[in-house]
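Reader: I'd like a close look at one spot in this model, and then a walk outward from there. Keep it informal, but give me the cut-offs.

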Amino acid sequence: MNRRTLLLGISGAAAIAVTGGWIASRNAGTQTSFVLPAAADESAEILPDIPLGDANAPITLIEYASYTCPHCATFHDTVFAQLKKDYIDTGKVKFIHREVYFDKYGLWAGLIAQCGGAPKYHALSGMIYETQKDWIGDGKDATIADNLRKIGLKAGLSKEQIDTCMADQERVGAMIATYQKNATADDINSTPTLVIDGVKHSNMSYEELKAILDAKL
C-alpha cells in the first residue's frame with residue numbers, strides 16, 4: 001500500500017459516510033449496519049496501545065498494518081509467528097500492533113478485533129489476518145459484515161456484544177483519530193511498516209528482521 005492510498009484512508013471517512021454516519025447494506029433480505037463518522041473529531045479519545053510481550057523488554061517494535069492489506073496478511077503468516085516465538089515470548093521484544101484504515105472494511109475488522117478488549121485483541125487480530133481472503137469473500141458489504149461477525153463469534157464474543165461494538169460511533173471516531181495521530185507522528189506511508197525503537201523500516205523477511213533485532217540485542 002502506498003502513500004496515496006494511505007492519505008485516501010485518512011480522509012476516507014468523509015468519502016464513505018452517509019446521513020447520520022451510518023452505512024447500511026442489504027443482501028437477500030439481510031441488513032447490516034456499521035457506523036462511520038463524517039470526519040475524525042479533534043476532541044475524540046486517543047486509544048491506548050495494546051502491547052504484547054514483556055512491558056520492560058529491551059526492544060519495542062510497532063507494526064502499522066491494515067486488515068485489508070495482502071502484504072500485511074503475508075507478514076502475519078510468514079514473519080509474525082516466528083517473531084513471537086523467538087523474541088516476544090522470550091521477553092526480548094515488546095510488540096505493538098497499530099491499525100491503519102484504508103477503507104471501511106478494515107475499519108469494520110478493527111471494530112471486531114477491539115470488541116473483546118485487550119485480553120482478546122491479539123488473538124482476534126491474528127484470526128482476521130489468517131482468514132483475510134475468506135472474510136473478504138465476494139467483496140460485498142453484507143458478505144464481509146457477516147464473515148467478520150462469524151470471526152467474533154468463533155473467538156467467544158456474543159452476538160449482543162458484537163452488535164454493540166459495531167454500533168459504537170464514538171469508538172469509531174476514537175479509532176480514526178488514533179490512527180491519524182499515530183500514523184502522522186511516525187510518518188507512515190506504506191503497510192506493513194515496522195518502527196523499531198523509533199526507527200522506521202519497510203516490509204521485510206523474518207531473516208532481515210532477525211538481523212536487525214539481534215544487532216540491537
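What is the relative accessible area of Tyr101, and does that make Tyr101 buried or exposed?

Author: Tyr101 is buried, at a relative accessible area of 6%. The scale here calls a residue buried under 20% relative accessible area, exposed over 50%, and partly exposed in between, using a 1.4 Å probe and protein chains only. Before going further, keep in mind that this is a predicted model, in which local features need pLDDT of at least 70 and side-chain atom pairs count only at pLDDT 80 or more, while totals for chains, interfaces and linings use all residues. Numbering runs from 1 along each chain as its sequence is written, and side-chain values use heavy atoms, with hydrogens and water left out.

So who sits with Tyr101? Its ring pairs edge-to-face with that of Tyr179, with 5.4 Å from centre to centre and 80° between the planes. For the cut-offs, rings of Phe, Tyr and Trp (the six-membered ring for Trp) pair if their centres lie within 6.5 Å, and planes under 30 degrees apart are stacked, over 60 edge-to-face, and the rest tilted. This pair connects distant parts of the chain: Tyr101 is in the loop between strand E4 (93-99) and helix H3 (104-115), Tyr179 is in helix H8, and 78 residues separate them. Helices (H or I, at least four residues) and strands (E, at least two) are DSSP runs numbered from the N terminus. Tyr179 is buried too, with a relative accessible area of 3%.

Move on into helix H3 and you meet another ring pair. Tyr105 and Trp108 have ring centres 5.3 Å apart and planes at 85°, so this pair is edge-to-face. The two are three residues apart in helix H3, which means about one helical turn separates them. Both Tyr105 and Trp108 are buried. Across the whole structure, the search turns up four aromatic pairs.

Now follow helix H8 past its end, into the loop that leads to strand E5. Asp187 lives in that loop, and it has a positive phi of about 50° even though it isn't a glycine. The loop also holds Pro192, which is joined to Thr191 by a cis peptide bond with omega about -10°. As background for both oddities, most residues other than glycine have a negative phi, and most peptide bonds are trans.

Asp187 has a charged partner as well: it forms a salt bridge with Lys200, with the closest N and O atoms 3.5 Å apart. That pair spans distant parts of the chain, since Asp187 is in the loop between helix H8 (169-185) and strand E5 (193-196) while Lys200 is in strand E6 (residues 199-201), 13 residues away. A salt bridge here is a side-chain nitrogen of Lys or Arg within 4 Å of a carboxyl oxygen of Asp or Glu. Asp187 is partly exposed at 39%, and Lys200 is partly exposed at 36% relative accessibility.

One loop further on, between E5 and E6, you find Asp197. Its phi is near 50°, again a positive value in a residue other than glycine. Asp197 makes a salt bridge with Lys216, the closest N and O atoms being 3.3 Å apart. Lys216 belongs to helix H9 (residues 206-216) and Asp197 to the loop between E5 and E6, so their salt bridge ties together parts that are 19 residues apart in sequence. Asp197 is partly exposed, with a relative accessible area of 35%, and Lys216 is partly exposed at 43%.

Some salt bridges share partners: Asp49, Arg98 and Asp186 are joined that way into one network. Elsewhere, Asp89 bridges to Lys84 with 3.0 Å between the closest N and O atoms, and Lys84 counts as partly exposed at 30% relative accessibility. The full search finds 11 salt bridges.

Finally, zoom out. The protein has nine helices and six strands, and 47% of its 217 residues are buried, Tyr101 being one of the buried ones. Of the contacts with a separation of 6 or more, 77% are between residues 24 or more positions apart; a contact means heavy atoms within 4.5 Å. The accessible surface comes to about 10300 Å², and carbon and sulfur atoms account for 52% of it. Those areas come from the Shrake-Rupley method with a 1.4 Å probe, and for residues only the protein chains shown count as cover.
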